[in-house]
Amino acid sequence: MAEFDVAIIGAGAAGIGAAGQLMAAGKSVVVLEAGARIGGRAWTSSDWFGMPFDIGCAWLHAADRNPFFPEAQAAGWELYHHDMALDHLYFGARKATPDEMERLREAEAALEACLEAHDGPDDRLSSLIADCHCLRAHSTFSGPMDFGKDDDEISVEDYRAAADLEPNYFTKQGFGALVAHWAGDLPVRLNHAVRRVDWSGSGVEVSGDWGWLRARACICTASPAVLAFDEIRFTPTLPEDQVEALFDLPMGLLTKIPLQISGTRLGLSPFDDLLIERHARHDIFFLSFPFDMDLMVGFVGGDFAWELEAAGEAAAVDFATNRLAEIFGSDMRRHVSGGRMTDWSSDRWVRGAYAVARPGKAAARERAGRSVGDRVFFAGEHLAGPLKQTCAGARLSGEDVAGQVLAALG
Ligand SMILES: Cc1cc2nc3c(=O)[nH]c(=O)nc-3n(C[C@H](O)[C@H](O)[C@H](O)COP(=O)(O)OP(=O)(O)OC[C@H]3O[C@@H](n4cnc5c(N)ncnc54)[C@H](O)[C@@H]3O)c2cc1C
């Protein structure tokens, strides 16, 4: 039976961050990863288009506080500062007027003022958003495209506690590739799904179909949805209020639909942001030709993303192509040589994009993150304070929890 100081469940940014800190402190560590690769939701692949494409995280948010940013700079990776201001807005096929663009900018300021002034009970974010179509266009960013949830499913307090993510950068080589590069040669065991954590004894015993091992402590970085779906059985069970907190942090969903478009740039410049607002939240955002690659990357979020992932890749690619054809003319279709869809909803070991507190449930993050028995600890994007939902936040959460584990182990 193998003995380690710490067993870490999950080789995403949080797990890798924790492992690095613990090993630097001289602890013996094993990282158990259910999937066949390192990185979790940080995943760059060239398989789709023959060039690096981020299937998971892509923006290096909050670059001034993001430890990946100086590392990317030091490694000489190509970085691009992305100004998030919207370049093109359409309501269906109709281009927004200059006046509507101005009202959109005002809507952003209005929402921020409402958030600042809000001192009532924690409510739905939608309660602060009046029914004006420019304000709704802004709320598409704050809701589905940002939090991966429609604004009536987001807690005002949870939203308000999120950090401003400026400045934002992309890297041409891919954020997932950066995370994998940073992971180096940590002791990760792939295809090792953990199904049980027994902390009834003095240490922790973790096990799965692959066997079992013992450690003095364990750090679990699985998403709250993985835990809510009982993929890991804890013995003794976790406290009831902690289990409830996992259900109060359901996963939002963000789906990317990259279209390969060659022979035209549709009159757009690389990195232009284009939002097409439609009815009933069937909105789509496009990032245009990043790094001058032949890609228009579509994004849908919230309930519509779950619908579209269930409908499948062909339906999603048709949907995205139709939206562009409505605006740029049917002739553009002959330039579309392919398209793909990300599918995080059906990744059994993630089950969505990132966690969002239900209205009235902002305190769930603190409860979900409590350690038990001074030997079972939790980390991940959902426990990353103001940088929640981000890859940098996940890493910092893992590094922070590693410090708590070191203190507990003495
Ligand atoms: C489509 C999309 C776009 C995003 N865009 C951005 C962005 O632009 N910028 C940004 O900063 N963030 C973005 N994010 C969020 C970011 O990717 C995540 O916040 C971050 O990568 C999460 O890291 P983590 O370590 O907490 O979790 P994960 O990366 O999910 O790592 C957890 C790991 O645990 C493994 N695991 C789960 N259960 C078990 C088990 N029982 N046994 C063993 N292993 C298990 C999983 O396979 C996974 O590898 C995006 C996410 C998605 C899905």
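In this predicted model, N66 is in contact with L60, H61, F175 and A392, once its neighbours within four places in sequence are left aside. The residue sits in the loop that runs between β4 (53–54) and α2 (68–74), and its side chain reaches the backbone nitrogen of F68 at a distance of 2.9 Å. With a relative accessible area of 2%, N66 counts as buried, because that value falls under the 20% limit used for the term.

The ligand is surrounded by 39 residues, among which E33, R41, W59, V194 and C391 come nearest. By class, this shell is made up of 25 nonpolar, 11 polar and 3 charged residues. Several polar contacts between the ligand and the protein backbone can be set side by side.

| Residue | Protein atom | Ligand atom | Distance |
|---|---|---|---|
| A34 | backbone N or O | nitrogen | 3.0 Å |
| E381 | backbone N or O | oxygen | 2.9 Å |
| C391 | polar backbone atom | oxygen | 2.8 Å |

Taken alone, the ligand would expose 1,000 Å², and the protein buries 98% of that area. The elements that contribute two or more residues to the shell around the ligand are α1 (13–24) and α12 (391–409). C391, which is among the residues that come nearest to the ligand, also provides the polar backbone atom that lies 2.8 Å from a ligand oxygen.

Turning to the protein as a whole, the model contains 12 helices and 21 strands. Its C-alpha atoms fill a box of roughly 65 × 50 × 40 Å, taken along the principal axes. A compact globule of 410 residues would have a radius of gyration near 22 Å, and the protein, with 22 Å, agrees with that expectation.

Burial and contacts can be described for the whole protein as well. Of the 410 residues, 56% are buried, and the accessible surface comes to about 16,300 Å², with 50% of it belonging to carbon and sulfur atoms. Among the contacts with a separation of 6 or more, 74% are accounted for by residues that lie 24 or more positions apart. In N66, the buried state is found together with contacts to residues such as F175 and A392, which are outside the four-place neighbourhood in sequence.

How values were computed. Residues are numbered from 1 along each chain as its sequence is written. This is a predicted model: local features need pLDDT of at least 70, side-chain atom pairs count only at pLDDT 80 or more; totals for chains, interfaces and linings use all residues. Side-chain values use heavy atoms; hydrogens and water are left out. A residue is near a molecule or strand if one of its heavy atoms lies within 4 Å of it. A polar contact is a pair of N or O atoms within 3.5 Å; within protein, one must be able to donate a hydrogen and the other to accept it, and residues adjacent in sequence count only if both atoms are side-chain atoms. Accessible areas come from the Shrake-Rupley method with a 1.4 Å probe; for residues, only the protein chains shown count as cover. Helices (H or I, at least four residues) and strands (E, at least two) are DSSP runs, numbered from the N terminus. Ala, Val, Leu, Ile, Met, Phe, Trp, Tyr, Cys and Pro count as nonpolar, Asp, Glu, Lys and Arg as charged, and the others, Gly among them, as polar. The radius of gyration is taken over C-alpha atoms; the globule rule is 2.2 Å times the number of residues to the power 0.38. Buried means under 20% relative accessible area, exposed over 50%, partly exposed in between (1.4 Å probe, protein chains only). Contact means heavy atoms within 4.5 Å.
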